[in-house]
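Visitor: I'd like a close look at just one part of this one, please. Pick a spot, and then tell me how the rest of the chain sits around it.

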Amino acid sequence: MQTYHFDEFVNDEGIVTLTGLPPSTKVAILVIRPEPFDWQKEIKEWIEEMKQHPFAQMSKEEVMACLRQSRDKIYEEDYGYRHAH
C-alpha cells in the first residue's frame, strides 16, 4: 500500500479535486473541520488546573525540598547500585 498526502480545500459546490494519482486508485478521504480555538478559555482552564497542583500551596523552600527529594529518589533508583558494595 502506498500513502499519498493531499492538503486540499473543498470548493463552494462541495467538491475537492485530487490530481496526480494513478488511474483506478481507491481513495479514502478524511475530513478535518477544526473547531475555532479559544485561547482565553484554554488559559483560564490551565490556570485553574495549576491552582490545584500541590506546589501551588507550598512556599518556594517547600517546593525546592520536594524537588530535591524526588531527584535523590530517582538518582538512587537509577544509579544507587553503583555505590552498593
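Guide: Let's go for the aromatic rings: a search of the whole structure turns up three aromatic pairs. For Phe, Tyr and Trp (its six-membered ring), rings pair if their centres lie within 6.5 Å, and planes under 30 degrees apart are called stacked, over 60 edge-to-face, and the rest tilted. Before we zoom in, keep in mind that this is a predicted model, where local features need pLDDT of at least 70 and side-chain atom pairs count only at pLDDT 80 or more, while totals for chains, interfaces and linings use all residues. Numbering starts from 1 along each chain as its sequence is written, and side-chain values use heavy atoms, with hydrogens and water left out.

A pair of aromatic rings is described by the distance of the centres and the angle of the planes. One of the pairs is Y75 with Y79, and this one is tilted, at 5.3 Å centre to centre and 40° between the planes. Both tyrosines lie in helix α2 (residues 60-79), four residues apart, or about one turn of the helix. Helices here are DSSP runs of H or I with at least four residues, strands are E runs of at least two, and numbering goes from the N terminus. How exposed is each ring's residue? Y75 is partly exposed at 40% relative accessible area, and Y79 is also partly exposed, at 35%. The cut-offs are under 20% for buried and over 50% for exposed, with partly exposed in between (1.4 Å probe, protein chains only).

Now the other helix. The chain has two helices and zero strands, and Q52 belongs to helix α1 (residues 39-52). Q52 is exposed because its relative accessibility is 63%. W39 is in α1 as well, and it counts as exposed at 61%. E42, another α1 residue, is partly exposed at 33%. C-alpha to C-alpha, Q52 and E42 are 16 Å apart, with their positions ten residues apart in sequence.

From α1 you can reach back along the chain. E42 and L18 have C-alpha atoms 36 Å apart, at a sequence separation of 24 residues. For W39 and E8, 31 residues apart along the chain, the C-alpha distance is 26 Å. In the segment before α1 sits S24, which is exposed at 82% relative accessible area. Most residues other than glycine have a negative phi, but S24 has a positive one, near 60°.

Step back and the overall picture is spread out. The radius of gyration (over C-alpha atoms) is 27 Å, where a compact globule of 85 residues would be near 12 Å, by the rule of 2.2 Å times the number of residues to the power 0.38. The C-alpha trace spans about 70 × 45 × 15 Å along its principal axes. Buried residues make up 2% of the 85 in the chain.
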